[in-house]
Amino acid sequence: MKYLCFTALLLQVGLFPISFAQDNTKVGLPEGAIARLGKGGINLMRFSPDGTRLAVGTDVGMWLYDVPDGKETALFTEYPGQVNAIAFSTDGKILASGGLNNPIIQLWDLDTDSKLSTLTLPEEIQSISTLTFTKDNTTLISLDQSGNINYWDVVTREKSLDIVTEPSSYNAVTVSKDGSTFATGNRHGTIRLWNATMEHKFADWGNHVQGQGILALAFSSDRKILASGREDKIVRLWDTEKRAKIATIEGHEASVAALAFSPDGKTLATGDAGKVIKLWDVNTQRERATLTGHTNGVSALTFTSDGKTLASGSYDGTIRFWNPDTGQELLTFTAGHTEWVKAIAFAENGITLATAAFTGVVEVWNLKTAQELTTFTEAKNDLIGPVAFSHDATRFASRGGSGTIVFDSLGSGYRMSGPGRGNIELWDITTGEQIPGAWQDIEGDANALAFSSDNNILAAGMPWQSIRAWHINTGTELLNFNAAEPFGRKLVFSPDGTLLATNGTHVQTRVWDVTTQRDITPPNIMNASALAFSPDGKTLAYGHPNGIVLSDITTTGIKERGRISNHQGFSSVLTFSPDGKIILDTQLIGRQPRIQLWDVNTGNDLGTLSGHTEGIKMLAFSHDSKLLASGSLDGTVLLWDWDKISAKIATDNMGKEFQSNLEPPQVPIEYAGKSEEAEAVINWLKQHNYRVSKFGDQYTLTHPNGSASGGGTIGSGDVTIKIDKAGILRIRVQDVGSAPFTFDEEDNLQYHSLPDSD
């Protein structure tokens, strides 16, 4: 029935004004936005002292739920930021919140669910990782991300004491019930304890095992025991007074990402990235129960003060309540706290919007009410790789897999482990039926998917192999381009479907003529982090650390027009406004994501849109050009009123005369011969501290920001290296040149002359 309802919505004819009810989708919106879809992934949860309310800190703000009726209240400040720290006062009258890249600690009056006061952080402190009240509720204690302890007078809103500790980084934190002791754990497995006057430190055995970091910590109510959960699937119990390990608890089959002690300290709840919650007897370390029901990893656990209820939050977007004595599930909130929106698409009728989460679950939203209409789960996996919607939001393609994923609760990002990759799946989300075709049977691990603008062609890219495309209705293979690259890439069709471009951070940007199947890539094109065609198909824009390059597309080829070079950061998504006059560029400046607007003709800065708290992964305009949707790693979609944004830009720039800030095209360097070009490449590598090494059949490219290795193609930044079977390295440096090389007897690169080199 749900598919029939969705089909009716898609087929409904007619337009109506976009308006939204006064509900939580409109709370705390940035300027220019008209609704928020989704509530952000869950970082932590806390029950009020009387157990009647549950506070949930997410990647975009804080949500307060009445238990058990599920009534929700969105508590947002004027500063968009993650909520990674929550504390109730002991009398349950005040709720404090703070988090990553959020320059304030907010105190909320729980009698009125309104702001009580704001504690402004100093410039050097922009991230709070945990909070706790003293017993008399006059002082709030915070731990910042540098490891410093700060005491705040709740009445005067001033800091009364600072304790500066040894600087350290960490990705898991907890505080004892009495607020006297903090514990932190880092990605190397080191656990550190602080109290109000001095620092104590002890290390987890095997703490330097790479990739086996601490993911979760929890104190028993008397703070005598500290539990730690790690990526190695093992829970360890520590005696905090003796600084020694008490026990090792094994039984999970995935990384342990959430922990909570019952108030009496007799039970420990553990949740893993593989959807499972376990209850353990603390004294005997024996498993008491296994709780299942979540469809993705468990991110947060908390007990009520009487110990009779356990709440769990998950990456699947739900909050579940359990009886810890019987293991019975009591209640489920389908709360919409899903992590990471990977794709968005507007339906052609202007009534609905489809979004896809990192699991492949598709949600269909009503644009008038900003409420979810239906959920499509047939494409669900533990996690998905590439994903794409058709432009009319009726078809959905993905390559899923089985495995585990852990999202950081104290920051941005995620970690994947052990994914078993599946084949490409194509679904009609209006009927719920899978569309069969040759794409299901291709060998290789697809890392890119794209639909043509007429929704009839599906293209896929496979690492080390090719880019292929099929007509969906007939199943006929239309394209098969040789594009053997080892890294992840993106695919983009031009609006008329005649061109197909591929790009990726470490992948050579290439453009093909679909009709003739010719490679028409300009020789001096750079490796692009983002790429877009203008609506009329006459301009190609691609992003690079040196700027956004604009190129004209003509019948004779692609020629660079100019470059917007006054931008900052790293472009992850580019798209043109519907009229082609503005290019939208998503960037992450430090940890602050934003949408930057540029004038296409002049390259002038037209302003920014900000409101997401993690990287923006998708931009899409509605078919009537009135709405802009942005999807983010923070688990939400923001809807923007593009008419109002465009009008504001026009008003702000009325009467101004702008000169072009486009940097002219760079003239390719002409060398006397290939040996001179090779010398220039070698000199550039030396000047920028790049080094190429060989170990057996593998090659490593070491550079200031890390390294890349492989046996076929490797690259980083401006450098791409292709190694053929004869061991010849073809090294290409952006804006410098390319040449073949081998190693001499001292393992230094030397120019290798080929018959056609000079």
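**Helices α2 and α3 and their neighbouring strands**

Helix α3 (residues 674–687) lies across strands β61, β62 (729–733), β63 (737–743) and β64, and runs at about 80 degrees to β63. The model described here is a predicted one. The strands in question belong to an open sheet of 5 strands, arranged in the order β60-β61-β62-β63-β64 with antiparallel pairing. The edges of this sheet are occupied by β60 (713–716) and β64 (749–751), each of which has a single partner strand, so that one side of each is left without a neighbour in the sheet. Direction ignored, neighbouring strands of this sheet are turned by 30 degrees against each other on average. At the β60 edge, 4 bridges join β60 to the antiparallel strand β61 (residues 719–723), and I714 is found opposite I721 in β61.

In helix α2 (residues 642–652), the buried residues are W642, I645 and I649. Their positions cover an arc of only 65 degrees around the axis, which places them on the same side of α2. In general, residues three or four places apart point the same way, because an α-helix has 3.6 residues a turn. The buried residues of α2 are covered by elements that include β51 (582–589), β52 (592–599) and β53 (605–609), together with β54 (616–621), β55 (627–632) and β56 (637–641). The exposed residues K644 and T651, by contrast, are carried on the face of α2 that is turned away from its buried side. At the start of α2, a side-chain oxygen of D641 comes to within 3.2 Å of the backbone nitrogen of D643.

Note on methods. Residues are numbered from 1 along each chain as its sequence is written. This is a predicted model: local features need pLDDT of at least 70, side-chain atom pairs count only at pLDDT 80 or more; totals for chains, interfaces and linings use all residues. Side-chain values use heavy atoms; hydrogens and water are left out. Buried means under 20% relative accessible area, exposed over 50%, partly exposed in between (1.4 Å probe, protein chains only). Helices (H or I, at least four residues) and strands (E, at least two) are DSSP runs, numbered from the N terminus. The arc is that of the directions from the helix axis to the C-beta atoms. Contact means heavy atoms within 4.5 Å. A polar contact is a pair of N or O atoms within 3.5 Å; within protein, one must be able to donate a hydrogen and the other to accept it, and residues adjacent in sequence count only if both atoms are side-chain atoms. Two strands pair if DSSP finds at least two bridges between them. Axes are lines fitted to C-alpha atoms, for helices over the stretch in contact, and angles run from 0 to 180 degrees between N-to-C directions.
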